[in-house]
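This briefing introduces a ligand site and the pocket around it. Please view the sequence and the model before reading the points that follow.

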Amino acid sequence: MEFEDVIRGRRSIRRFKPEPVPQGLIQEILDEARWSPSWANTQAWSVYVVTGETLKRLRSVSKAPNASEASGGPDFRMPREWPPHLAARTKQLFDLRSAAGPGSTPAPGTTSLTDFYGAPCVLFFAVERGLASDYVLFDSGLIVQSVCLAAHDKGLGTCIMAMAVRDPDRLRELLPQAAEKQFIIGVALGYPDQEAPVNRFERPRAPFEELVIWAG
Ligand SMILES: Cc1cc2nc3c(=O)[nH]c(=O)nc-3n(C[C@H](O)[C@H](O)[C@H](O)COP(=O)(O)O)c2cc1C
């Protein structure tokens, strides 16, 4: 794929086909993404690849009726309030998304969010407890973007999901190797359902002039 097509063609996928992603392909994506830059080449990140039975268990605990009450809250503060012009963009996104219909069909009494939009694989990005600085989070964003672009280049879809890590205590229970880690973000990964309207709605961008300030 041409680089410009990779950049412009990637979009958040919110309905996946159920087919599993071959492990070799996941490995290729992560092997490419690990060339992402980081503060002084620290590469403080780890990625947990959750599939199969483990993902099934995660889905069922996330869907438990008392799931949100049990939560001790996310490891990193999530933004709640935005200035009006940015709040208007979040509203626009939610309006466009809901007009396009739901993501993966939710089981009764649950939301499609807890299904990770039906993805057969979820990547969880984490750092050692106590290590996270703003720049470690910044670095994690770089590798996450690399993963999303590499996946798109190989015909796969992704959705970066803060909501996937809103209950990190459950993740630590489920992933004993991560007992001392803090979870930054999840990325749903799988084959996109290209026909689903939720994967096709327009996502506007701020005008170029708002982004770029020329000086000199
Ligand atoms: C840090 C971060 C967290 C996000 N969390 C979610 C999420 O929990 N659920 C979701 O559906 N999309 C989530 N997204 C996807 C954004 O909504 C999406 O990137 C944005 O609307 C732009 O659309 P695009 O990715 O299709 O270009 C997240 C994106 C980022 C960068």
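The lining of the largest pocket divides into 25 nonpolar, 6 polar and 10 charged residues. In this grouping Ala, Val, Leu, Ile, Met, Phe, Trp, Tyr, Cys and Pro count as nonpolar, Asp, Glu, Lys and Arg as charged, and the others, Gly among them, as polar. The model is predicted: local features need pLDDT of at least 70 and side-chain atom pairs pLDDT 80 or more, while totals for chains, interfaces and linings use all residues. Residues are numbered from 1 along each chain as its sequence is written, and side-chain values use heavy atoms, without hydrogens and water.

**The largest pocket**

- The largest pocket (an open set of points on a 1 Å grid over the protein atoms alone, with protein on both sides within 12 Å along at least five of seven lines) has a volume of about 1800 Å³.
- That volume is the space filled by probe spheres set on the points, which are joined across faces, edges and corners.
- Its lining (residues with an atom within 4 Å of a point) comprises 41 residues, and Arg14, Trp82, Thr90, Leu93 and Ile160 lie nearest the centre.
- Helix 5 supplies the largest share of this lining, 8 residues.
- Helices (H or I, at least four residues) and strands (E, at least two) are DSSP runs, numbered from the N terminus.

**The ligand**

- The space taken by the ligand is the largest pocket, where sitting in a pocket requires more than half of a molecule's atoms within 2 Å of its grid points.
- Around the ligand are 15 residues, of which Ser12, Arg14, Tyr117, Arg203 and Arg205 come nearest; a residue is near if one of its heavy atoms lies within 4 Å.
- This shell divides into 8 nonpolar, 1 polar and 6 charged residues.
- Strand 3 gives the most to the shell, with 3 residues.

**Polar contacts (pairs of N or O atoms within 3.5 Å)**

- Polar side-chain atoms lie 2.9 Å from a ligand oxygen atom in arginine 10, 2.8 Å in arginine 14 and 2.7 Å in arginine 205.

Conventions:
Polar contact = N/O pair within 3.5 Å; in protein donor to acceptor, adjacent residues only side chain to side chain. 1 Å grid on protein atoms, 1.4 Å probe; cavity = no way out; pocket = protein on both sides within 12 Å on 5 of 7 lines; lining within 4 Å.
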